[in-house]
Structure formats: structure tokens, C-alpha cells
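Reader: I should be grateful for a close look at one part of this model, namely its salt bridges. Please treat them in a connected account.

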Amino acid sequence: MRDLEFIVLHCSATPVSMDIGAKEIKGWHKAKGWKDIGYHYVIRLNGKVELGRPLHKEGSHVLGHNRESIGVCYVGGVENKKAKDTMTPEQEAAWRKLVSTLRAQYGPLEVFGHNDFTDQKACPSFKVGEKFADSIAAGINFHQSCRLATTTALPTCTYNNGSSG
């Protein structure tokens with residue numbers, strides 16, 4: 001198994017009227033010439049978590065950090081062709097459960113949004129640490145706020161309790 005350090009949340013950049021899943025995203029990625037779907041998990045609109053690329057394989061979802069990360073994509077993230085948090089309550093619940101499950105299995109994985117790594121992406125259409133601040137208090141260690149990273153370094157983040165990492 002790979003040495004995992006963190007989980008990165010993405011969005012499919014589709015409107016909520018597009019009920020797609022891992023199969024469709026895999027088709028898009030393969031059409032770009034990729035070997036497989038870039039994400040390890042896809043969370044559908046109804047909260048169903050679908051497997052994407054096998055976890056033992058490096059993903060293709062965040063430049064410079066695929067080797068040590070797990071990529072998770074929620075379906076949605078766009079409204080009227082603009083980035084918008086469209087995560088359904090079912091998707092939020094599935095995301096929280098998936099993070100807890102992965103951390104129970106692989107240790108204290110940190111959690112980022114794709115946009116914590118580059119200012120060129122809105123994905124996942126919100127700041128993960130701000131949206132899931134209540135999870136920080138529950139010990140899930142979502143980042144409260146992060147300074148953007150370069151392609152060779154992780155973002156510098158401040159947690160709800162004022163510590164940084």
C-alpha cells in the first residue's frame with residue numbers, strides 16, 4: 001500500500017441536474033488519454049460512495065501530490081456555469097463518514113480541498129476547512145484555513161484551535 005498523508009476533496013464541476021457517477025467521470029478522464037479515473041472515490045448526489053481508481057494505485061487529481069493522497073470527488077460544484085457549493089446533505093454525510101473511515105484505517109490523514117493547492121482552481125467550489133469547521137472540533141482535522149501551496153509543498157494551514165501545520 002502507498003504511504004498516505006492526506007485526502008483531497010474535488011467536485012465534478014457539473015450542475016446538480018447531472019446525476020453522474022464514477023463510470024461517467026472515468027469515461028471523461030480516459031477520453032483525455034488518462035489510464036483511469038483520477039479519483040479514488042466519487043460521491044453521487046444521493047450520497048452513494050462509488051469506487052474509482054483502486055486505493056493502492058496513485059491517483060491523478062492534484063499536481064505534485066498524487067503519490068501521498070486520496071482523491072475524492074463529489075458530483076456537482078457548478079450552478080449557471082459558475083463555481084458554487086452544491087453539496088447535498090447526503091453528500092456531506094457521506095463525505096464525513098468516508099473521511100472518518102479512511103482515517104480509522106490509514107491514520108490521521110489531513111484533509112484539503114483542491115483549491116488549497118492552487119489559486120487556478122475553484123474546486124471543490126468552497127473552502128473545505130471553513131465548511132467543515134465543526135468537524136475540526138470533533139477531531140477530524142479538516143484545515144480551517146490554508147495558504148496556497150506551491151507545486152512542491154503542502155499548504156500551510158491554521159486549525160480551529162489556533163495551531164498551524
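Is Lys131 buried, partly exposed or exposed, and what is its relative accessible area?

Author: Lys131 is partly exposed, its relative accessible area being 24%. The model is a predicted one, and every value below was computed from it.

The partner of Lys131 is Asp85: their side chains meet in a salt bridge, at 2.5 Å from N to O. Asp85 belongs to the loop between strand S6 (82-83) and helix H2 (89-106), while Lys131 belongs to helix H3 (residues 128-131), so this pair ties together parts that lie 46 residues apart in sequence. Asp85 also counts as partly exposed, with a relative accessibility of 29%. The cut-offs explain both labels: a residue is partly exposed because its value falls between 20% and 50%.

A further salt bridge joins Lys127 to Asp116, with the closest N and O atoms 3.3 Å apart. Both Lys127 and Asp116 lie in the loop between strand S7 (110-113) and H3, and the two residues are 11 positions apart. Their surroundings can be set side by side: Lys127 is partly exposed at a relative accessible area of 29%, whereas Asp116 is buried at 4%.

Some salt bridges share partners, and in this way Asp19, Arg44 and Glu50 are joined into one network.

Another pair is formed by Asp36 and Lys26, whose closest N and O atoms are 3.6 Å apart. Asp36 sits in the loop between helix H1 (22-31) and strand S2 (41-43), and Lys26 sits in helix H1, so the salt bridge ties together parts that are 10 residues apart in sequence. Asp36 is buried, with a relative accessible area of 14%, but Lys26 is partly exposed, with a value of 36%. The 3.6 Å separation of this pair qualifies because the limit for a salt bridge is 4 Å. Under that rule, the count comes to 8 salt bridges.

As for the setting of these pairs, the chain has 4 helices and 9 strands. Read from the N terminus, the elements follow the order β-α-β-β-β-β-β-α-β-α-α-β-β. The chain comprises 165 residues, of which 48% count as buried. Among contacts with a separation of 6 or more, 60% are between residues 24 or more positions apart. Finally, the chain exposes about 8,300 Å², and carbon and sulfur atoms supply 50% of this area.

Key. Residues are numbered from 1 along each chain as its sequence is written. This is a predicted model: local features need pLDDT of at least 70, side-chain atom pairs count only at pLDDT 80 or more; totals for chains, interfaces and linings use all residues. Side-chain values use heavy atoms; hydrogens and water are left out. Buried means under 20% relative accessible area, exposed over 50%, partly exposed in between (1.4 Å probe, protein chains only). Contact means heavy atoms within 4.5 Å. Accessible areas come from the Shrake-Rupley method with a 1.4 Å probe; for residues, only the protein chains shown count as cover.
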